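Welcome! Here is a short tour of one protein and the ligand it holds. Take a look at the sequence and the structure before reading on.

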Amino acid sequence: MDSARVTFVASGSPGGKTDWLIDRISAIVGGPLATAPRLARHDGVWLDTPPASTWVVRGVRSNIRYTTGREQQRLVAAQAELGRPTSTCAALIPIDKSDAWWALAQDERRAIFEDTSRHIAIGAEYLPRIARRLYHGRDIGAAFHFLTWFEYAPEDVGAFDELVGRLRETEEWRYVTREVDIRLTRSG
Ligand code: HEM
């Protein structure tokens with residue numbers, strides 16, 4: 001058990017504490033992931049050999065890179081925790097960024113991420129309706145650079161669609177080389 005780790009397992013059978021039904025998988029940029037009926041989110045777990053799976057993606061929670069202290073305080077004050085009983089909808093969006101992005105210096109990435117693209121300012125408009133968690137994968141050689149996870153109530157599906165639509169219009173997203181949008185409904 002390592003609380004920083006996560007393993008998402010897509011499969012045909014139930015498994016995991018919080019089990020989700022996969023409504024659809026859309027390849028936004030780059031290659032898709034195979035369709036499967038269910039997704040289990042094993043938070044705090046690194047499953048080396050998951051039971052029969054269609055695919056597995058892993059990540060780790062990490063330190064913040066671009067958020068200022070002031071921004072962080074505002075986010076913490078506004079954001080909601082995962083696992084709300086009303087959050088019966090979720091999205092898992094694995095993302096890769098280009099070599100050009102990773103070749104930039106830290107200050108150049110921050111400038112694109114927030115000064116130009118306003119990722120945090122846009123995202124903050126959707127708190128606390130959308131609860132979120134970011135996992136990193138690039139430094140551990142995982143299948144994706146990032147796994148982004150979101151939970152929300154059915155009445156906020158439109159707001160979430162609007163949010164991802166606005167982010168996909170930004171300069172930051174020009175560096176996205178792969179994005180798979182997986183929409184889910186809580187089972188049971
Ligand atoms: C719910 C509202 C959202 C808020 C408040 C938010 C906030 C943030 C913040 C503060 C960071 C920077 C963390 C750091 O300093 O390292 C971040 C990173 C990130 N977010 Fe969001 N975000 C939101 C929605 C989204 C959505 C909908 C997506 C995907 C479609 C997304 C994808 C990412 C990715 C990939 C990163 C990592 C960027 C990088 O390190 O290059 N975010 N987000």
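Helices (H or I, at least four residues) and strands (E, at least two) are DSSP runs, numbered from the N terminus. With that in hand, you can place Trp-102 in helix H2, residues 99-103.

This is a predicted model, in which local features need pLDDT of at least 70 and side-chain atom pairs count only at pLDDT 80 or more, while totals for chains, interfaces and linings use all residues. Residues are numbered from 1 along each chain as its sequence is written, and side-chain values use heavy atoms, with hydrogens and water left out.

**The ligand and its shell**

- The ligand is surrounded by 26 residues, and the closest are Arg-65, Tyr-66, Thr-67, Lys-97 and His-119. Here, a residue is near a molecule or strand if one of its heavy atoms lies within 4 Å of it.
- The ligand takes up the space of the largest pocket. On a 1 Å grid over the protein atoms alone, a pocket is an open set of points with protein on both sides within 12 Å along at least five of seven lines, whereas a cavity is a set of points where a 1.4 Å probe fits but cannot get out; lining residues have an atom within 4 Å of a point. A molecule sits in a cavity or pocket if more than half of its atoms lie within 2 Å of its grid points.
- Several elements each supply at least two residues of the shell, namely strand E5 (89-97), helix H4 (119-124), strand E6 (131-136), strand E7 (146-152) and helix H5 (157-168).
- Which element gives the largest share of the shell? That is H4, with four residues.
- By class, the shell has 17 nonpolar, four polar and five charged residues. Ala, Val, Leu, Ile, Met, Phe, Trp, Tyr, Cys and Pro count as nonpolar, Asp, Glu, Lys and Arg as charged, and the others, Gly among them, as polar.

**Polar atoms around the ligand**

- A polar contact is a pair of N or O atoms within 3.5 Å; within protein, one must be able to donate a hydrogen and the other to accept it, and residues adjacent in sequence count only if both atoms are side-chain atoms.
- A polar backbone atom of Tyr-66 is 2.8 Å from an oxygen atom of the ligand.
- In the side chain of Lys-97, an N or O atom is 2.7 Å from an oxygen atom of the ligand.
- For His-119, a polar side-chain atom lies 2.9 Å from a nitrogen atom of the ligand.

**Strands and their partners**

- Two strands pair if DSSP finds at least two bridges between them. E5 and E8 run antiparallel and are joined by seven bridges; one pair is Ile-95 with its partner Glu-179 in E8.
- Strand E1 (residues 5-11) and E4 also run antiparallel, joined by six bridges. In E4, Val-57 is the bridge partner of Phe-8.
- Buried means under 20% relative accessible area, exposed over 50%, and partly exposed in between (1.4 Å probe, protein chains only). Strand E8 (residues 176-186) is mostly covered, with eight of its 11 residues buried. Strand E4 (residues 55-60) is mostly covered too, with five of its six residues buried.
- In a regular strand the side chains alternate between the two faces of the sheet.

**Residues in helices**

- Is Phe-160 buried or exposed? Phe-160, in helix H5, counts as buried because its relative accessibility is 0%. The C-alpha atoms of Phe-160 and Arg-129 are 8.8 Å apart, with their positions 31 residues apart along the chain.
- Trp-102 counts as partly exposed because its relative accessibility is 22%.
- Gln-72 lies in helix H1 (residues 69-78) and, at 29% relative accessibility, counts as partly exposed.

**Loops and a chain segment**

- Arg-118, in the loop between helix H3 (106-116) and H4, has a positive phi of about 55° although it is not a glycine.
- The loop between H4 and E6 holds Pro-128, and the peptide bond from Leu-127 to Pro-128 is cis, with omega near 0°.
- Ser-187 is in the segment after E8. A polar atom of the Ser-187 side chain lies 3.1 Å from the backbone oxygen of Asp-19, and a polar contact of 3.3 Å joins the side chains of Ser-187 and Arg-38.
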